[in-house]
Amino acid sequence: MKLIIPDKFRGTLTAARAACAIAEGLGGECLCLPMADGGEGTAAAMPGKHVIESAAIIGHNSPLRALPLTQRSSYSLGSAIRNALDTRNDTIYVALGGTVTADGGAGLLQALGARFYSSDGSLMPQGATPDSISRIAHADLSDINTTLLRRRLLILSDVEAALTDGPLTALDFLPQKGATADDTKTIRHSLQHLHSLLGGTSPYDGAGGGTGYALAAVAGCRATLGAGYILDHLPVDWSRVRLVATGEGCIDKQSLGGKVVGSILRKCKKLQIPAIAFGGKIADGILDSRFIQVTPDGQPLPLPDHAYRLLREAARKWAKKS
């Protein structure tokens, strides 16, 4: 049996559609399951579970995208978490990735009960942003029910990254959010100031524009890499798998870390199962015979229908050679 478990090809194909294209190309007995890493598509990869996707609430298709980066808040994600806690009794999975915010989760914390005060003692308004964080002089977190959050939430992060200091930080993802040089300077100062007020650290602080910091480091919620968690809970009899095919829009160095492609390749190596990965584009310097570039010239994938055909044909060509 061939196991087809790709991530989304951002902007062109959902994980489910990508899986269908690969399966059509490879032929034979295939089991298609969408994968995700905590970003877009995580809910689809976890049927039957209550998943709050940050990408769906404060992501690239949200109204926040129309605001300047330093005026965007994660407050609405915190509101969604609070509402879910009030209306459900099961585990709530919070998928962090694909956001357009960079407020360190300050707005999210306000929605969960935090109160921020300025230097004159006045209560600051809800919806903290990078522009307002530097004016916080005191934080009161006593109304955050951390016991409930730690019991009910499981954070699925799309990356391991620090807040501002480390080999990979929240700042490294700012270009994807449309940051200017001035934005980056403001956000760096804001995140450092927020950390000086609240303390704490976790491996996931840089995820989701710092929402990982708010949930894992400040609130103390359970957290793990989304790709590995989803992969380990797939309904698959691995003893029947003879080939695993995965893929994503662009395979780069981040892909080989805690993302979908890297997580799958590591699991397959452990289980001694052959694996291949299709990339709409494969970044320069990534040399691996298991990687198949979908577009002949390495350009971004075109419109969805054409992308589907290209991916199907790439899989078909690989199958003929193998």
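User: Before we look at H8, what is the expected span of a helix?
Analyst: The expected span of a helix is 1.5 Å times one less than its number of residues. In this predicted model, helix H8 covers residues 181-198, which makes 18 residues. From its first C-alpha to its last, H8 reaches 26 Å, close to the expected 26 Å.

User: Which residues of H8 are buried?
Analyst: They are Asp183, Ile187, Ser190, Leu191, Leu194 and Leu198. These residues lie on the same side of H8, because they cover an arc of only 100° around the axis.

User: And what covers them?
Analyst: The cover includes helix H5 (106-111), helix H6 (130-133), strand E6 (138-140) and helix H9 (211-218).

User: Which exposed residues are on the face turned away?
Analyst: That face of H8 carries Ala181, Asp182, Lys185 and Ser196.

User: What follows H8?
Analyst: Gly199 follows H8, and its phi is positive, near 65°.

User: New topic: how many salt bridges does the structure hold?
Analyst: The structure holds 13 salt bridges. One of them pairs Asp37 with Lys259, with the closest N and O atoms 3.5 Å apart. The two partners are 222 residues apart in the chain: Asp37 is in the loop between E2 and H2, and Lys259 is in the loop between strand E9 (243-251) and helix H11 (260-271).

User: Is Asp37 buried or exposed?
Analyst: Asp37 is buried, with a relative accessible area of 3%. Lys259 also counts as buried, at 14% relative accessibility.

User: Which residues do shared salt-bridge partners join into one network?
Analyst: Glu24, Arg312, Glu313 and Arg316 are joined in that way.

Technical notes. Residues are numbered from 1 along each chain as its sequence is written. This is a predicted model: local features need pLDDT of at least 70, side-chain atom pairs count only at pLDDT 80 or more; totals for chains, interfaces and linings use all residues. Side-chain values use heavy atoms; hydrogens and water are left out. Helices (H or I, at least four residues) and strands (E, at least two) are DSSP runs, numbered from the N terminus. Buried means under 20% relative accessible area, exposed over 50%, partly exposed in between (1.4 Å probe, protein chains only). The arc is that of the directions from the helix axis to the C-beta atoms. Contact means heavy atoms within 4.5 Å. A salt bridge is a side-chain nitrogen of Lys or Arg within 4 Å of a carboxyl oxygen of Asp or Glu.
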